[in-house]
Amino acid sequence: METVTLKLDRRQIQLLKAHAAARGCSQAAVVRELIEDHFGRKPRLSLHDQASDLCGCVGGPKDLSTRKLKGYGRD
């Protein structure tokens, strides 16, 4: 393992100490777990990536601003 030095304000130190004491583990273990939880997980997919199988399944003009609507505007 490597050593990393952090500068934390008093409130952050108090939170870290309280959390470590409540869990019964070291402050370093808490920091390692937080880093793993935050950076170690898969990135969330964008809405486009989640719905990419639906792209192109609806007919119509590609640019909806070109569609003429009857009864709206000055038609």
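**Briefing: one salt bridge, two pockets, no disulfide**

Glu33 is partly exposed, with 33% of its relative area accessible. Its partner in a salt bridge is Arg23. The model is predicted. The protein chain has three helices and zero strands. By the rule used here, the disulfide count is zero.

**Overall build**

- Along the sequence, the protein chain reads α-α-α.
- The protein chain has 75 residues, and buried residues make up 4% of them.
- Its accessible surface comes to about 7800 Å².
- Carbon and sulfur atoms account for 55% of that surface.

**Salt bridge**

- How many salt bridges does the structure hold? The count is one.
- Arg23 and Glu33 form the pair, and their closest N and O atoms are 2.6 Å apart.
- Arg23 belongs to helix H1 and Glu33 to helix H2, so the bridge ties together parts that are ten residues apart in sequence.
- Arg23 is partly exposed, with a relative accessible area of 43%.
- Glu33 is also partly exposed, at 33%.

**Cysteines**

- A disulfide is a covalent bond between the sulfur atoms of two cysteines.
- The structure has zero disulfides by the rule applied.
- Cys55 is in no disulfide, and the nearest cysteine sulfur to it is that of Cys57, 8.0 Å away.
- Why is there no bond from Cys57 to the closest cysteine sulfur? The sulfur of Cys57 lies 8.0 Å from that of Cys55, which is too far for a bond.
- The cut-off for a disulfide is a sulfur pair within 2.5 Å.
- Is Cys57 buried or exposed? Cys57 counts as exposed, at 55% relative accessibility.
- Cys55 is partly exposed, with a relative accessible area of 46%.

**Largest pocket**

- The space in the largest pocket is about 310 Å³.
- Lining residues from the start of the list are Met1, Glu2, Thr3, Val4 and Leu6.
- The lining also includes Leu16, Gln27, Ala28, Val31, Arg32 and Ile35.
- Which helix gives the most to this lining? Helix H2, residues 27-39, does so with five residues.
- By class, the lining of the largest pocket has seven nonpolar, two polar and two charged residues.

**Second largest pocket**

- About 190 Å³ of space lies in the second largest pocket.
- Its lining includes Leu6, Leu8, Gln12, Leu15 and Leu16.
- His19, Val30, Val31, Leu34 and Ile35 are also in the lining of the second largest pocket.
- Helix H1 (10-23) and H2 are the elements that give two or more residues to this lining.
- The lining of the second largest pocket has eight nonpolar and two polar residues, and no charged ones.

**Residues to find in both linings**

- Leu6 lines the largest pocket, and Leu6 also lines the second largest pocket.
- Leu16, Val31 and Ile35 are in the lining of the largest pocket, and these residues appear in the lining of the second largest pocket too.
- Charged residues differ: two line the largest pocket, while the second largest pocket has no charged residues in its lining.

Key. Residues numbered from 1 in each chain as written. Predicted model: local features only at pLDDT ≥ 70, side-chain atom pairs only at ≥ 80, totals over all residues. Heavy atoms only, no water. Buried < 20%, exposed > 50% of the residue type's maximum accessible area, 1.4 Å probe, protein only. 1 Å grid on protein atoms, 1.4 Å probe; cavity = no way out; pocket = protein on both sides within 12 Å on 5 of 7 lines; lining within 4 Å. Points joined across faces, edges and corners; volume = space filled by probe spheres on them. Helix = DSSP H or I, 4+ residues; strand = E, 2+ residues; numbered from the N terminus. Nonpolar A, V, L, I, M, F, W, Y, C, P; charged D, E, K, R; others polar. Salt bridge = Lys/Arg side-chain N within 4 Å of Asp/Glu carboxyl O. Areas by Shrake-Rupley, 256 points an atom, 1.4 Å probe, with all protein chains shown as cover.
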